[in-house]
Amino acid sequence: MPSSKEYLNFILEQLSGLPEIAYRAMMGEFLIYYRGKLVGGIYDDRLLVKPVKSAVAYMPKAEYSLPYEGAKEMLLVDNIDDKEYLAGLFNAMFDELPMPKIKKR
């Protein structure tokens, strides 16, 4: 089941206090970027983030979930109604996330 544009817009509104939030549509789902780094995505109307150490520490009781069949597990963010919580999570994760690779043409 692809994610809805309404859910995407809700998450983007919740993240509106952060600079440089962007998304990319990918096969009916949405990848979420923060200041150029891939943080996670919206899969089946669920916000999932990469399970980096800082995210695990920030959400110690978060459950792991598969974004799609054959993918690596990610962390399910269940506190999406709290803008400050989401901003804190993304800020905690930022330094640990890798810079995107430059594609050669």
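Contact means that heavy atoms lie within 4.5 Å of each other. The model examined here is predicted: local features need pLDDT of at least 70, side-chain atom pairs count only at pLDDT 80 or more, and totals for chains, interfaces and linings use all residues. Residues are numbered from 1 along each chain as its sequence is written, and side-chain values use heavy atoms, with hydrogens and water left out.

**Exercise 1. The surroundings of Val49**

Determine which residues Val49 is in contact with, leaving aside its neighbours within four places in sequence.

Solution.
Step 1. Val49 is in contact with Val39, Gly40, Ala55, Met59 and Met74, among others.
Step 2. The list also includes Leu75, Val77, Leu89, Phe90 and Met93.

**Exercise 2. The nonpolar cores**

Describe the largest nonpolar core and state which elements supply its residues.

Solution.
Step 1. A nonpolar core is a set of buried Ala, Val, Leu, Ile, Met, Phe, Trp, Tyr and Cys residues joined through side-chain atoms within 4.5 Å. Buried means under 20% relative accessible area, exposed over 50%, and partly exposed in between (1.4 Å probe, protein chains only).
Step 2. The largest such core has 26 residues, and Val49, Val77 and Phe90 have the most contacts inside it.
Step 3. At least two residues of this core come from each of α1 (5-14), β2 (29-34), β3 (37-43), β4 (46-49) and α3 (83-94). Helices (H or I, at least four residues) and strands (E, at least two) are DSSP runs, numbered from the N terminus.
Step 4. Helix α3 gives the largest share, six residues.
Step 5. A second, separate core of six residues includes Leu31, Tyr33, Met74 and Leu76.

**Exercise 3. The salt bridges**

State how many salt bridges the structure holds, and describe the one between Glu13 and Lys83.

Solution.
Step 1. A salt bridge is a side-chain nitrogen of Lys or Arg within 4 Å of a carboxyl oxygen of Asp or Glu. The structure holds two.
Step 2. In the bridge between Glu13 and Lys83, the closest N and O atoms are 3.1 Å apart.
Step 3. Because Glu13 lies in helix α1 and Lys83 in helix α3, the pair ties together parts that are 70 residues apart in sequence.
Step 4. Glu13 is partly exposed at 44% relative accessibility, and Lys83 is partly exposed at 37%.
Step 5. Asp44 and Arg46 also form a salt bridge (3.9 Å, N to O); Asp44 is partly exposed, at 27%.
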